[in-house]
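Trainee: I would like a close look at a single part of this structure. Please begin with the chain it belongs to and then work through the detail.

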Amino acid sequence: MNKQKKTLFPVLAGVTALIALSAVSFSGCGVSYPAGTAAQSVSDMCKKEYDISVKAKVYGKTLWVYLPLDQLVDANGQIDEKTGDTIENAALCVHRVLSSTDEDLDFYVLIASDIKTLGAEFTLIGHVYDIMRVRLLDISRGEYQRRMLRDLKINPAALGDAEGHHIRLSDLDMARFLAEQFTRRIKLKFENEKKLNQKFVYKSGKWYVQNNTFILNLDIAEKEPSETLPLRSSKHKEPNVLDIALKELAFILRRYGFEDYEKVRIANFATNETRILTKEEMKQIR
Amino acid sequence: MTTPKDSFPTLGKKQPTILKQRKFKMWMMQHWLKVAIIGVIVILIGLSIWGLMSLESFYRNLTIAQMPISLLMAGIHASIFVFMYLTFLRGGFAKMDKKNIKGARVDVRWDDVIGIDEAKQEAWEVVQLIKDRTKVLQIGGKIIRGILMVGPPGCGKTFLAKAIATEADIPFLSMAASEFTEVFVGVGASRVRKLFKKARTLAYGYGACIIFIDELDAIGRARQFSFFGGGGETNSTQNQLLVEMDGLKDNDFDIIVIGATNAAEETLDPALMRPGRFDRKIYIDRPDLVGREKVFAYYLNKVKHDPAIDIGLLSRKAVYKSPADIENIIKEAALIATRRNSDTVTHKDISEAIERIDMGIKHPKKMTHYERKMVASHESGHLIALYILHPTDDVFKASIISRRSALGVVHHQPREEYYTQNKDVLLAGIKVSLAGYVAEKLKFGVTSNGVSSDFRHAMAIASAMVWNYGMGENGFIGDQSILLGGYHRFDRISEDVRQKLNEETNRILTTCLKEVEDLLKREEAILDRFINELLKKEELEYDEIEAIFKEYGKAGMKQSLRTE
């Protein structure tokens with residue numbers, strides 16, 4: 001009897017511990033925003049937690065969120081602090097919902113439009129997986145900022161459109177997203193990095209994706225000698241725009257693990273230089 | 001003897017509800033920490049679930065994903081903490097092993113206690129007193145607080161204590177007194193306090209409780225008070241025991257302390273023995289012939305055995321054996337039977353087991369024929385003298401196979417327990433010892449150094465007879481050794497008296513020697529027969545010995561000598 005009890009006690013303790021652990025684990029089962037509710041959840045959360053009215057809709061694998069505002073930019077063309085907070089709060093709601101949903105979404109687009117005064121429109125495009133990674137500290141906030149696509153423009157069609165009818169919904173794809181991200185990163189790089197900024201001038205960057213080929217047309221010219229610092233010795237190797245651009249592109253493709261392409265055709269109109277690389281060649285670039 | 005009833009004795013039958021409440025309270029007192037811990041764990045788990053449910057699934061999954069490593073780390077930290085705590089704060093892992101066994105679970109039935117009927121009778125009274133405390137109080141009786149069981153080791157003291165607990169259906173806490181003692185002063189006392197605290201809790205719930213302290217002499221010896229502080233730990237442990245036993249009077253439930261010792265009662269501290277402490281003594285001696293028969297029957301029933309085994313003969317062979325010795329004999333016999341691929345224990349197995357235990361394992365030596373014959377003569381001399389001259393002992397075996405340091409042996413046992421030896425028995429002992437020497441001299445004309453221990457034994461008996469027992473025939477009565485000098489004592493015995501006593505000692509030896517010489521010359525045919533049999537077979541069993549004596553018409557002679 002005593003022996004039986006001795007044997008029974010650890011078994012009971014084990015079963016109890018198992019039940020307790022299962023209870024805790026099962027409490028984690030199920031997502032906060034099940035598939036099919038993501039768009040509505042964003043609208044509800046914005047309204048409930050920040051008193052912001054947004055229109056949200058899922059198109060393909062992209063979540064579109066429209067945020068109509070009375071005013072977006074001030075007289076200086078800058079987004080004021082209050083409006084900035086509103087956009088940030090709306091973006092936060094989008095991030096929270098996308099982090100905790102099992103809906104099959106790849107991208108989100110947040111469009112904040114001034115529907116009363118100028119028709120200014122701010123667009124924010126992001127990749128869902130990037131949200132997870134920045135939250136898990138897998139990428140830095142700086143890198144995250146570089147991965148998001150931002151755009152501010154005047155769109156008269158936005159005036160008076162509180163429902164977002166003027167927005168043409170589409171399903172974003174990865175290749176286009178990466179190509180756009182690439183051109184923006186190159187622009188930032190050549191404009192912000194002192195070493196490059198002293199030597200080159202960024203004029204434009206265009207991209208196309210055709211027949212599984214990235215077509216990247218840059219126009220980055222070398223500054224006149226008088227504009228630049230004194231030349232170093234002839235032994236010093238001058239940076240090549242296409243080398244820098246390809247390195248950046250290889251980095252982006254590698255970080256996203258994107259392989260759904262065959263070639264890259266990159267050109268710099270300023271120097272009439274063009275290069276065509278296969279996927280394998282791109283993989284070699286470090 | 002009445003059958004014990006299932007009831008909680010000390011509170012009577014009218015208060016089962018109170019006892020139930022007490023049991024619950026006792027359970028809570030014993031397990032409050034566990035209950036509290038389980039409660040806290042349940043609350044924490046509830047809070048965790050509630051907290052997790054309030055999180056968005058991203059953070060919830062994140063938390064759950066980290067849980068295994070968190071649990072592992074918590075487990076490691078807890079283990080380190082427990083190890084440090086036990087090692088540095090609680091005197092290590094060698095903590096008091098408290099046996100918390102409910103009386104019924106000790107499971108030693110009254111009928112299992114065998115061979116100690118007198119002690120059982122006394123213990124039964126104790127059981128009755130425990131079972132009907134109210135009745136005792138009504139007639140103004142005194143509740144027993146302490147029982148001291150005194151007796152040789154292996155006679156069933158612990159067994160009897162457990163049987164008391166089982167019969168009284170009360171919890172039984174058992175500890176060896178040596179478990180109290182530690183190198184640090186105060187640890188023993190603290191363990192005594194803990195033991196009694198535990199007992200009080202159990203007694204509160206069950207109405208009564210037995211504390212059994214084995215080998216009580218380890219803490220119960222007469223206390224020593226020294227300026228140098230020696231024995232401080234034992235003293236403080238014993239003091240605490242005395243205090244706790246005094247404190248038992250204040251309670252309305254029974255705690256009975258049973259102490260067991262195989263040390264002499266006088267060695268225990270008088271304070272332990274005074275009324276109110278260990279005032280009831282139960283003497284547990286080795287079982288007598290009937291007792292041994294019962295014990296043999298009991299343990300034989302636990303193994304497959306030959307039904308032809310003569311338990312009476314075994315009991316005669318096992319004089320002075322305790323129940324534990326008998327149990328050991330049967331276990332050893334079972335091993336011997338197993339070794340010879342038999343599933344039944346036979347008389348021979350048991351005989352071999354007894355010999356193995358008493359005489360040691362055989363170590364055959366390569367001896368010359370001359371040496372073997374010398375040993376055979378020596379042992380045959382012992383054998384004949386024992387059989388014919390010894391009034392109390394039976395011969396069970398003769399052997400010329402060496403065991404331990406002896407080249408041969410004659411195994412003999414008293415037929416029954418004798419607590420005194422008269423002059424005849426002592427003289428017989430001398431004659432038996434000298435018989436080996438006489439036989440060697442008779443058959444070879446010379447003697448060997450194998451007689452050394454025999455002579456020592458014979459001389460010791462003869463000397464004691466003259467010097468100590470007043471059995472000499474030269475008129476000296478009294479214990480003459482008292483007059484001998486020693487530490488802080490002058491020699492008060494004259495050389496003349498000393499010489500006379502020694503002469504008398506020698507006279508006894510020479511008289512015995514003459515008698516043995518006459519005997520062996522007279523029975524030389526039997527001596528030669530035994531020598532030859534031993535040389536041929538190396539060992540002779542009881543039946544074979546008996547048959548040879550019968551053949552020579554000596555069986556009746558042995559009997560008549562015994563009954564004198």
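What share of the 564 residues in chain B is buried? After that, please take helix 16 of chain B and the salt bridges.

Mentor: The model is predicted. In chain B, 45% of the 564 residues are buried. The chain's secondary structure consists of 21 helices and eight strands. Among its contacts with a separation of 6 or more, 75% are between residues 24 or more positions apart. The exposed surface of chain B is about 28900 Å², and 58% of that comes from carbon and sulfur atoms.

Now to helix 16 of chain B, which covers residues 423–444. With 22 residues at 1.5 Å a residue, the helix should span 32 Å, and its end C-alpha atoms are indeed 32 Å apart, so the expected and computed spans agree. The helix nevertheless has a kink of about 35 degrees, centred on Ala435(B). Helix 16 of chain B is mostly covered, with 16 of its 22 residues buried.

Both ends of the helix have a local feature to note. At the N-terminal end, Asn422(B) acts as a cap: one of its side-chain oxygens lies 3.1 Å from the backbone nitrogen of Asp424(B). Just after the helix, Gly445(B) adopts a positive phi of about 80 degrees.

Next, the salt bridges. Side chains of opposite charge can pair when their charged atoms come close. Over all chains, the whole structure contains 54 salt bridges. One of them, in chain B, pairs the side chains of Arg372(B) and Glu538(B), at 3.5 Å from N to O. Arg372(B) belongs to helix 15 (residues 369–389) of chain B, while Glu538(B) sits in the loop between helix 19 (524–537) and strand 8 (539–541), so the pair ties together parts that are 166 residues apart in sequence. Glu538(B) is partly exposed, as its relative accessible area is 31%.

Two further pairs each lie within a single helix. Arg498(B) and Glu495(B) form a salt bridge through their side chains, with an N to O distance of 3.5 Å. They are three residues apart in helix 18 (residues 495–522) of chain B, and therefore separated by about one helical turn. An α-helix has 3.6 residues a turn, so residues three or four places apart point the same way. Glu495(B) is exposed, with a relative accessible area of 58%.

The other pair is Glu533(B) and Lys536(B), whose side chains meet in a salt bridge of 3.9 Å, N to O. These residues are also three apart, in helix 19 of chain B, which means about one helical turn between them. Is each partner buried or exposed? Glu533(B) counts as buried because its relative accessibility is 9%, under the 20% limit. Lys536(B) counts as exposed because its value is 63%, over the 50% limit.

In chain A, salt bridges with shared partners join Asp130(A), Glu143(A), Arg146(A), Arg147(A), Arg185(A), Lys189(A), Glu193(A) and Glu248(A) into one network. Within this network, Arg147(A) is located in helix 5 (residues 141–147) of chain A. Its relative accessibility is 1%, so Arg147(A) counts as buried. The side chain of Arg147(A) makes a polar contact of 2.8 Å with the side chain of Glu143(A). Beyond its neighbours within four places in sequence, Arg147(A) has contacts that include Asp130(A), Arg185(A), Phe177(A) and Tyr256(A).

Notes: Residues are numbered from 1 along each chain as its sequence is written. Chains are lettered from A and ligands numbered from 1 in the order in which they are written. This is a predicted model: local features need pLDDT of at least 70, side-chain atom pairs count only at pLDDT 80 or more; totals for chains, interfaces and linings use all residues. Side-chain values use heavy atoms; hydrogens and water are left out. Helices (H or I, at least four residues) and strands (E, at least two) are DSSP runs, numbered from the N terminus. Buried means under 20% relative accessible area, exposed over 50%, partly exposed in between (1.4 Å probe, protein chains only). Contact means heavy atoms within 4.5 Å. Accessible areas come from the Shrake-Rupley method with a 1.4 Å probe; for residues, only the protein chains shown count as cover. The expected span of a helix is 1.5 Å times one less than its number of residues. The bend at a residue is the angle between axes fitted to the seven residues ending there and the seven starting there. A polar contact is a pair of N or O atoms within 3.5 Å; within protein, one must be able to donate a hydrogen and the other to accept it, and residues adjacent in sequence count only if both atoms are side-chain atoms. A salt bridge is a side-chain nitrogen of Lys or Arg within 4 Å of a carboxyl oxygen of Asp or Glu.
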